[in-house]
Amino acid sequence: MESELQDLDPKPPKQPDPNNDERPLLKPSAADSSGELEKKFAAFVRHDVYGSMGRGELPTREKVLLGVAFVTLVPVRVVAITTILLLYYFICRVCTMCSVPNRVEEHQEDYAHIVGWRRIVIVQSGRALARVMLFVFGFYWITHTYPIPPASVENSTTTDEQEDNAQSEDTRPGVIISNHVSYLDILYHLYASFPSFVAKRSVAKLPLLGLMSKCLGCVLVQRESKSSDFKGVSAVVTDRIREAHQNPSAPIMMLFPEGTTSNGEFLLPFKSGAFLAKAPVLPVILTYRYQRFSPAWESISGVRHMIFILCQFVNYMEVIQLPTYYPSQQEQDDPKLYANNVRKLMASEGNLTLSDIGLAEKRIYHAALNGLFSQC
């Protein structure tokens, strides 16, 4: 999802240097072929049988499976998803009755700091229903791997039924850092740790999701705003990360530092906003295995992706949770160095390829694909 995280670094973005030829991509011309586009924008290319933008020519067997699932499986899953959302909305509504939300600043209100039975019910029911939602989407099993430092034992692997909290460090991380592949990532993190996210301000006004975002304690941003409000959001996120690091009862933050989704095979450049607080981070790597349709959401419309994912009976997710990463003094003094070192570690542990393209190139790729398909 492209709205969870912007560059929260309060420094204004650097303007591109016209004399710098190190960037590998230029705006594609009309003459660019599909093959050339795939080389330039490899991090956003789909490799499943559905092809680019999910519009590829399907084999007859796949069409039959898709048709049968659309008639039988999709209606059941839609009803189940709607029921889960309504149920959790009702729980949130009951738990927030007669309760004043925490107001950090204008447009930044949340119920994530309430205590007692209300918070326990919101968190535990939210985690349980997020797992049920993943089950409805076809993620019947989720494999977790916890690499242990070499001084300890060899790597260990467990399933999600055995996993609750693998952190053994005395100091709590301030933020969870994850690669971003799909909107399904959010469901997993809700199930695993129920953190607060960064979201567009408009989310707070949506039916059902608005109250849920406040119960999560989401930090709301205005995507187009780059002025004082933008700096305010950076300060709010940094304060929340520090609070989570120092206070075990505070909601932990969850950030996608890539700022957008990839096809799951690459790791895009990290923005430094998650590392400004100088607090330890918990790196998590999500991998989606597939045979027919890839759960990655990179160059396909949301509606088309939702239909295809609901038509797929089984989906697979593998999670690698790395040990908490404690920054050195040099990394604390240089957030960009801190972000880059964590990124390299995640790429190495998750067998991901580092890519130097991001959201701007993704938009160019989408425009080029739309141009190619409009000519068909």
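Two strands are taken to pair if DSSP finds at least two bridges between them. The close-up views described below show a predicted model.

**View 1. Strand 5 with its partners, strand 8 and strand 10.**
Strand 5, residues 175–178, is covered on both faces, with V175 and I177 buried on one side and I176 and S178 buried on the other. In general, the side chains of a regular strand alternate between the two faces of the sheet. Strand 5 pairs with strand 8 in the parallel sense over 3 bridges, and within this view I177 stands opposite L255 of strand 8. Strand 10 is also a parallel partner of strand 5, here over 4 bridges, with I176 facing L282 across the pairing and S178 standing opposite V284.

**View 2. Strand 10 and its antiparallel pairing with strand 11.**
Strand 10 is largely enclosed by the rest of the structure, because 8 of its 9 residues are buried. Strand 10 and strand 11 run antiparallel and are joined by 6 bridges; one position to look for in this view is T287, which stands opposite E318 of strand 11.

**View 3. S262 in the loop between strand 8 and strand 9.**
The loop that holds S262 connects strand 8 (253–255) with strand 9 (266–267). Although S262 belongs to a loop, it is buried, because its relative accessible area of 1% falls under the 20% cut-off. A polar atom of the S262 side chain lies 3.4 Å from the backbone oxygen of F266, a separation that falls within the 3.5 Å used for polar contacts. When neighbours within four places in sequence are left aside, the residues in contact with S262 are A43, F44, H180, V181, L268, A296 and E298.

**View 4. The largest nonpolar core and the surroundings of L134.**
The largest nonpolar core holds 61 residues, of which Y88, L134, F137, L184, Y188, F197 and M317 touch the most other members. At least two residues of this core come from each of helix 2 (60–95), helix 3 (117–136), helix 4 (184–192), helix 5 (209–216), strand 10 (281–289), helix 7 (302–311) and strand 11 (316–321), and helix 2 gives the most, with 10 residues. Around L134, once residues up to four places away in sequence are not counted, the residues touched are F139, I142, L184, L187, Y188, Y191 and M317. Another core, of 28 residues, lies apart from the largest one, and V221, V237, F270 and V342 are among its members.

**View 5. R93 in helix 2, shown together with I122.**
R93 is found in helix 2, the helix that gives the most residues to the largest nonpolar core. R93 itself is classed as partly exposed because its relative accessible area is 38%, a value between the limits of 20% and 50% that bound this class. The C-alpha atoms of R93 and I122 are separated by 9.9 Å, while the two residues are 29 residues apart along the chain.

**View 6. The protein chain as the setting for the close-ups.**
The protein chain contains 10 helices and 12 strands, and buried residues make up 52% of its 376 residues. Of the contacts between residues at least 6 apart in sequence, 75% join residues at least 24 apart. The area exposed by the protein chain is about 18400 Å², and carbon and sulfur atoms supply 58% of this area.

Definitions and conventions. Residues are numbered from 1 along each chain as its sequence is written. This is a predicted model: local features need pLDDT of at least 70, side-chain atom pairs count only at pLDDT 80 or more; totals for chains, interfaces and linings use all residues. Side-chain values use heavy atoms; hydrogens and water are left out. Buried means under 20% relative accessible area, exposed over 50%, partly exposed in between (1.4 Å probe, protein chains only). A polar contact is a pair of N or O atoms within 3.5 Å; within protein, one must be able to donate a hydrogen and the other to accept it, and residues adjacent in sequence count only if both atoms are side-chain atoms. Contact means heavy atoms within 4.5 Å. A nonpolar core is a set of buried Ala, Val, Leu, Ile, Met, Phe, Trp, Tyr and Cys residues joined through side-chain atoms within 4.5 Å. Accessible areas come from the Shrake-Rupley method with a 1.4 Å probe; for residues, only the protein chains shown count as cover.
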